[in-house]
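Q: Could you take a close look at one aromatic residue here and walk me through what surrounds that ring?

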Amino acid sequence: GNVVENEWTTTEDGYLVTALLEQDKTYKIHETAAPNGYVKSDDVEFTVTNDAEQSYSISNKKIRITVLKTDNDNEPLAGALLQLIEKDESNYTVIDSWTSTTDVYEIPFEKIKTMDLTKEHYLREITPPAGYLNLTSDTRIDILEVADVQQFSLSNNPQAFEVSFRKLNEGSTYVSGASFQLYEGEEVNE
């Protein structure tokens, strides 16, 4: 339909400017921009009646972001120092920092409200969990203006250590010609 009022902005207490609209006509209010950290609301359609006053509530859902630190088998890892960062040209701003646990971490809404969704966002590992390799680069994530929880994960590979063995006889001299197999775990399956 035709635009009746070009643009309204809510006041600090959430009110829109009251408009004088014709009775028995149907209108639709469309949110063109949500406050930082929120998803735009669905359109609200209403018909003006002869009631002295009509009032409508329009609600916004919060943007929600979760992060889980995992190993390469998708098992949760605790002990990694992580950051959510925002990139603006060559400048990086830390939005949030936390140490991973075995639970999913949710970025606090107060931090999400400070973000500019038009900029690039990354997850950065500052310190890996004990026994794991450090990630060598930031992981870009696309944060969308959607009501669903946006879930992201970072995965690490365990550190590999070189282990060597030598075959000795009872006299502590080296013995050649022995054959071995290496098993993971405590049981040997021959």
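A: Let's go with tyrosine 38, which counts as partly exposed because its relative accessibility is 24%. Keep in mind that this is a predicted model. Five aromatic pairs turn up in total. In one of them, tyrosine 38 meets phenylalanine 109 edge-to-face, with 5.0 Å from centre to centre and 70° between the planes. Tyrosine 38 sits in the loop between strand 1 and strand 2, while phenylalanine 109 belongs to helix 1 (residues 109–112), so this pair ties together parts that are 71 residues apart in sequence.

The partner ring is worth a look too. Phenylalanine 109 comes in at 14% relative accessibility, so phenylalanine 109 counts as buried, the cut-off being under 20%. Phenylalanine 109 also has a charge for company: lysine 62 lies over the face of that ring, at 4.6 Å from the ring centre.

Now back to the strands on either side of the loop. Strand 1 (residues 26–29) pairs with strand 2 in the antiparallel sense, over four bridges. Across that pairing, tyrosine 27 stands opposite phenylalanine 46 of strand 2. Those two residues also join Tyr56 in one aromatic cluster. As a rule, side chains in a regular strand alternate between the two faces of the sheet. Here's how that plays out in strand 2 (residues 44–47): Val44 and Phe46 make up the covered face, whereas Glu45 and Thr47 are on the uncovered one.

Methods: Residues are numbered from 1 along each chain as its sequence is written. This is a predicted model: local features need pLDDT of at least 70, side-chain atom pairs count only at pLDDT 80 or more; totals for chains, interfaces and linings use all residues. Side-chain values use heavy atoms; hydrogens and water are left out. Buried means under 20% relative accessible area, exposed over 50%, partly exposed in between (1.4 Å probe, protein chains only). Helices (H or I, at least four residues) and strands (E, at least two) are DSSP runs, numbered from the N terminus. Two strands pair if DSSP finds at least two bridges between them. Rings of Phe, Tyr and Trp (its six-membered ring) pair if their centres lie within 6.5 Å; planes under 30 degrees apart count as stacked, over 60 as edge-to-face and the rest as tilted. A charge sits over a ring if NZ of Lys or CZ of Arg is within 6 Å of the ring centre and within 35 degrees of the ring normal.
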